[in-house]
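This note sets out a few points on one part of the structure shown below. Please read each point with the structure in view.

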Amino acid sequence: MITGIKKIAEQTAEAVADGPVFAEVQDALDLIGNCFYREMDRLILRQEQIAPDFFDLKTGIAGEVLQKFTSYNFRVAIVGDFSAVTSRSLRDFIRESNRTGQTVFVGSEAEALERLCVSAQGDLDTTKE
């Protein structure tokens with residue numbers, strides 16, 4: 001359950017939670033709204049803050065949640081150790097997500113901040129054209 005949102009960089013928040021931040025799609029929408037209310041459009045989550053069902057692609061939760069993040073142009077970095085993932089479909093999902101950059105799976109908070117800020121800077125550059 002989410003206990004708060006902590007600002008850690010310009011327009012970037014980190015979820016403060018005891019346990020999973022979201023268990024279903026509506027929880028993710030509430031999280032997006034909470035961040036937007038605080039004028040933040042980027043979020044760092046920890047792997048342990050996400051319900052295990054998210055990582056079971058058969059449930060459809062990951063796809064639905066990431067679609068909401070994309071629809072609202074909300075960038076998310078999920079920090080954890082994904083090197084031990086054995087599911088081919090989950091590895092492919094993570095790789096594709098990292099390629100598009102809307103939601104990224106990274107190994108450290110520093111990498112998360114770098115990826116989120118680079119994505120935001122890229123957006124700024126394209127709007128100047």
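Which residues in α3 are buried?

1. The model is predicted, and the points that follow should be read accordingly. In α3, the buried residues are Leu90, Ile94 and Ser97. These residues lie on the same side of α3, because they cover an arc of only 65 degrees around the axis.

2. A general rule helps in reading this pattern. An α-helix has 3.6 residues a turn, so residues three or four places apart point the same way.

3. Among the elements that cover the buried residues of α3 are α2 (61–71) and β5 (103–106). The face turned away from the buried side carries Arg88, Arg95, Arg99 and Thr100, which are exposed.

4. The length of the helix may be checked. For the 13 residues of α3, a rise of 1.5 Å a residue predicts a span of 18 Å, and the end C-alpha atoms are 18 Å apart, so the two values agree. After α3 comes glycine 101, which has a positive phi, near 85 degrees.

5. Serine 89 deserves separate mention. This residue belongs to helix α3, which comprises residues 88–100. Serine 89 counts as partly exposed because its relative accessibility is 43%, a value that falls between the limits of 20% for buried and 50% for exposed.

6. Two relationships of serine 89 may be noted. Its side chain forms a polar contact of 3.1 Å with the side chain of serine 87. Serine 89 is also 7.7 Å from leucine 57, C-alpha to C-alpha, although the two are 32 residues apart in sequence.

Methods. Residues numbered from 1 in each chain as written. Predicted model: local features only at pLDDT ≥ 70, side-chain atom pairs only at ≥ 80, totals over all residues. Heavy atoms only, no water. Helix = DSSP H or I, 4+ residues; strand = E, 2+ residues; numbered from the N terminus. Buried < 20%, exposed > 50% of the residue type's maximum accessible area, 1.4 Å probe, protein only. Polar contact = N/O pair within 3.5 Å; in protein donor to acceptor, adjacent residues only side chain to side chain. Expected span 1.5 Å × (residues − 1). Arc of directions from axis to C-beta. Contact = heavy atoms within 4.5 Å.
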